[in-house]
Amino acid sequence: MVRPGRRQHPEFATAAPLAKLIATEAAYTVTRASIQLLGGIGFTWEHDAHRYLKRATANRLLAGDPVTLRRLLLSRADL
């Protein structure tokens with residue numbers, strides 16, 4: 001949200017979706033790797049890896065679908 005009387009920096013329109021894409025993809029990749037590393041015990045209540053994977057998956061969907069964010073970034077870069 002832009003406050004009245006303030007101008008939005010022109011690079012913000014590209015930097016924000018790029019940051020969301022990188023952060024959500026990194027979180028999802030790391031948590032998937034941790035589940036693979038822990039094996040079956042990663043889905044038990046003894047380890048928090050299953051909770052982190054659920055949060056990373058939810059953040060990935062709530063922050064914007066990765067495909068949609070990539071299309072948005074490509075359209076803003078005129079590619």
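Let's start with one side chain. T29 reaches out with its side chain to the backbone oxygen of E25, at 2.8 Å. One caution before I go on: this is a predicted model.

Where does T29 sit? T29 is found in helix α1. Now look across to T57. T29 and T57 are 28 residues apart in sequence. In space, their C-alpha atoms are 10.0 Å apart.

Back to E25, because its own side chain has a partner too: R60 forms a salt bridge with E25. The closest N and O atoms of that pair are 3.0 Å apart. R60 belongs to helix α2 and E25 to helix α1, so this salt bridge ties together parts that are 35 residues apart in sequence. Why can such a pairing happen? Side chains of opposite charge can pair when their charged atoms come close.

Are the two partners buried or exposed? E25 has a relative accessible area of 18%, so E25 is buried. The cut-off for buried is under 20%. R60 comes out at 22%, so R60 counts as partly exposed.

How many salt bridges are there by this rule? The count comes to two. The other pair is D48 with R51. Their side chains meet at 3.5 Å, N to O. D48 is partly exposed, with a relative accessible area of 34%. R51 is also partly exposed, and its value is 34%.

Next, helix α2 itself. Helix α2 covers residues 49-62, which makes 14 residues. How far should α2 span? At 1.5 Å a residue, the expected span is 20 Å. The end C-alpha atoms of α2 are 20 Å apart, so the model agrees with the expectation.

Which residues of α2 are buried? They are A49, H50, L53 and A56. Look down the axis of α2, and these buried residues fall within an arc of 125°. That is why we can say they line one face of the helix. What covers them? The cover includes α1, residues 12-38.

Now turn α2 around. The face turned away from the buried side carries the exposed residues K54 and L62. So α2 has a buried face and, turned away from it, a face with exposed residues.

One last stop, just after α2. There we find G64. G64 takes a positive phi of about 125°.

To recap: α1 helps cover the buried residues of α2, and the R60 and E25 salt bridge ties the two helices together. Find that pair on the screen and start from there.

Key. Residues are numbered from 1 along each chain as its sequence is written. This is a predicted model: local features need pLDDT of at least 70, side-chain atom pairs count only at pLDDT 80 or more; totals for chains, interfaces and linings use all residues. Side-chain values use heavy atoms; hydrogens and water are left out. Helices (H or I, at least four residues) and strands (E, at least two) are DSSP runs, numbered from the N terminus. The expected span of a helix is 1.5 Å times one less than its number of residues. Buried means under 20% relative accessible area, exposed over 50%, partly exposed in between (1.4 Å probe, protein chains only). The arc is that of the directions from the helix axis to the C-beta atoms. Contact means heavy atoms within 4.5 Å. A salt bridge is a side-chain nitrogen of Lys or Arg within 4 Å of a carboxyl oxygen of Asp or Glu. A polar contact is a pair of N or O atoms within 3.5 Å; within protein, one must be able to donate a hydrogen and the other to accept it, and residues adjacent in sequence count only if both atoms are side-chain atoms.
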